[in-house]
Amino acid sequence: MKKSISFFIVFILIIGILSGCSSKESSASGETQDGKIVVNFWSFWGSETRRPIIEKIVKDFNESQDKILVKHTYLPWGDIWTKNLASVAAGSPADVIINDINTVAQRAENQQVEEITEYVDDDFQKQFYPYLWDAVVHKDKVYGVPFNTDTRLLFYNKKAFEEVGLDPNQPPSTWKELEEYAKKLDKKQGNTYERIGFYPLWGSTGPSTWMTNADNGTSYMNNGKLAIHTPRKVAALEWLLQWKNRLGDKTVQTFQAEFGSEQSNPFIAGKVAMWMDVGTFYTQIRDYGKDLDVGVAAVPSFEEGQGHWAEGGGFVAEIPKGSAHPKEAMEFIKYLTGSEAQSYWAEENFDNVANIKGAETAAAHLVGTEKEIYNAMVKNLKETNIYPTPVEYPDYQNTINPIIDNVMLGKITPDQGLKQAEKQVKKLKQ
């Protein structure tokens with residue numbers, strides 16, 4: 001009896017070892033039983049809206065050919081990049097990941113991403129908006145492919161415009177007009193505001209948005225040189241403080257305390273007449289502001305003829321350093337960023353995409369207000385810049401932002417603050 005039990009245990013152990021070897025060989029080869037190469041793809045798109053869309057794109061790619069099988073893994077926002085760096089360091093990364101467009105050069109410099117120059121040519125590059133393509137090139141080598149982007153627009157309530165005698169087809173074009181319109185659109189009951197015409201730091205904007213707009217689209221860096229303490233940026237901060245002083249801290253804080261998302265958004269609720277946000281903000285208006293007659297316009301220019309400069313951002317598809325299957329990963333990236341997948345993503349998400357033909361196709365398919373606003377988003381990309389993090393100053397924003405906060409709190413003047421910020425950022429390079 002004991003002999004039979006011992007034989008049984010040995011048999012089970014042998015089977016386990018063989019199974020383990022078989023599993024290991026399968027994992028090491030990265031192939032399925034039918035010989036397909038497995039490409040592991042990580043994204044942070046896990047919402048009930050976006051996850052089905054990206055998984056359909058993956059499914060369509062898998063069904064379009066018989067050599068590669070893409071497996072999509074959702075990882076939460078933030079966690080995905082921490083895990084990516086850890087897996088690269090451990091030598092076991094994913095094959096494709098969605099990452100921030102503004103930090104491509106940082107990852108290239110730190111050898112955390114594969115160079116893909118050999119897989120792309122001029123014709124491939126021309127599919128994408130030039131300023132987005134520039135962001136994936138570091139020292140004349142390519143390290144990713146742009147996937148999507150965004151741009152900021154001025155949303156305005158047409159009924160509120162009509163109510164105060166403003167032409168709903170003539171939104172403000174300059175900062176001066178923006179101030180004039182805002183004052184007309186303010187609605188007060190005694191000393192209490194029932195509606196605020198506009199406040200420049202609400203929505204998807206911050207001080208840098210307005211400083212960039214004032215300074216002809218130039219952010220804190222200009223061709224590798226610091227451009228923090230400039231006359232136009234000082235003027236922009238002074239202008240922002242004027243808005244805050246006119247409305248008063250109490251009014252601003254009271255309104256902000258009531259801010260929520262979706263139908264609780266103050267613009268959708270009719271408590272703010274003009275609102276700056278990314279173009280995709282329209283999806284909230286569409287879903288929760290059924291009675292809101294909305295118009296959109298470019299960011300008002302600092303002065304007439306100075307340009308309606310907007311800030312943008314976005315994401316890229318890239319191959320983490322150490323991927324076992326870079327060639328196959330690149331095949332999937334080309335599909336993911338091709339015009340067909342891009343137009344599908346754009347239409348379903350009402351999102352700006354990096355592929356020019358994909359964006360134009362999506363715009364052609366939309367109808368009504370959605371078509372009008374999406375066309376405005378696409379048009380606005382011509383006056384939109386993104387601002388990649390310079391390799392020389394990787395932590396510059398964390399240096400500047402607390403100083404700008406002190407300016408807005410009235411602790412130091414705009415001139416003093418920007419002068420101090422530029423001095424401290426210079427030290428980062430030393």
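Student: In which loop does Thr389 lie?

Tutor: This is a predicted model: local features need pLDDT of at least 70, side-chain atom pairs count only at pLDDT 80 or more, and totals for chains, interfaces and linings use all residues. Residues are numbered from 1 along each chain as its sequence is written, and side-chain values use heavy atoms, with hydrogens and water left out. Helices (H or I, at least four residues) and strands (E, at least two) are DSSP runs, numbered from the N terminus. Thr389 sits in the loop between strand S17 (384–385) and helix H17 (396–408).

Student: Is Thr389 buried or exposed?

Tutor: Relative accessible area decides: under 20% is buried, over 50% exposed, and in between partly exposed (1.4 Å probe, protein chains only). Thr389 has 12%. Therefore Thr389 is buried.

Student: Which residues does Thr389 contact, leaving aside its neighbours within four places in sequence?

Tutor: Contact means heavy atoms within 4.5 Å. With those neighbours set aside, the partners of Thr389 are Asn102, Thr103, Gln106, Pro394 and Tyr396.

Student: In what order do the six strands of the open sheet run?

Tutor: Two strands pair if DSSP finds at least two bridges between them. The pairing in this sheet is mixed. S2 and strand S16 (352–353) are the edge strands, each pairing on one side only. The order is S2-S1-S3-S15-S6-S16.

Student: How many bridges join S1 and strand S2?

Tutor: S1 covers residues 37–43, and S2 covers residues 68–74. In this pairing Val39 stands opposite Val70, and Asn40 has Lys71 as its bridge partner. The two strands run in the parallel sense, and the bridges number seven.

Student: What is the hand of the β-α-β crossover from S1 to S2?

Tutor: The chain leaves S1, passes through helix H2 (residues 50–64) and enters S2. Look with the strands pointing away from the viewer: a clockwise path from the first strand over the helix to the second is right-handed. This crossover is right-handed.

Student: Which residue in S3 stands opposite Phe41?

Tutor: S1 also pairs with strand S3 (residues 96–100), in parallel, through two bridges. Opposite Phe41 stands Val96.

Student: How many residues of strand S15 are buried?

Tutor: S15 spans residues 314–318. Gly314, Val316 and Glu318 are buried on one side, and Phe315 and Ala317 on the other, so both faces are covered. The strand is largely enclosed by the rest of the structure because the buried count is five of five.

Student: In which sense do S3 and S15 pair?

Tutor: In a sheet, strands pair through backbone hydrogen bonds, either parallel or antiparallel. Here S3 and S15 share four bridges, and Asn99 has Val316 as its partner in S15. The sense is antiparallel.

Student: Which residue in S15 is the bridge partner of Thr149?

Tutor: Strand S6 (residues 145–149) joins S15 in the antiparallel sense over four bridges. Thr149 is matched in S15 by Gly314.

Student: What is the volume of the largest pocket?

Tutor: On a 1 Å grid over the protein atoms alone, a pocket is an open set of points where a 1.4 Å probe fits, with protein on both sides within 12 Å along at least five of seven lines; lining residues have an atom within 4 Å of a point. Points are joined across faces, edges and corners, and a volume is the space filled by probe spheres set on them. For the largest pocket this comes to about 660 Å³.

Student: How do the residues of its lining divide into nonpolar, polar and charged?

Tutor: The lining has 23 residues, with Met221, Asn223, Ile386, Tyr387 and Pro388 nearest the centre of the largest pocket. Helix H6 (130–134), strand S4 (137–138) and strand S10 (221–222) each supply at least two. Ala, Val, Leu, Ile, Met, Phe, Trp, Tyr, Cys and Pro count as nonpolar, Asp, Glu, Lys and Arg as charged, and the others, Gly among them, as polar. The split is twelve nonpolar, eight polar and three charged.

Student: What is the phi of Asn223?

Tutor: Asn223 lies in the loop between S10 and strand S11 (225–226). At 77% relative accessibility, Asn223 is exposed. Its phi is positive, in a residue other than glycine, and is near 55°.

Student: What percentage of the 430 residues of the chain count as buried?

Tutor: The chain has 18 helices and 17 strands. Its C-alpha atoms fill a box of roughly 95 × 55 × 55 Å along the principal axes. Of the 430 residues, the buried share is 49%.
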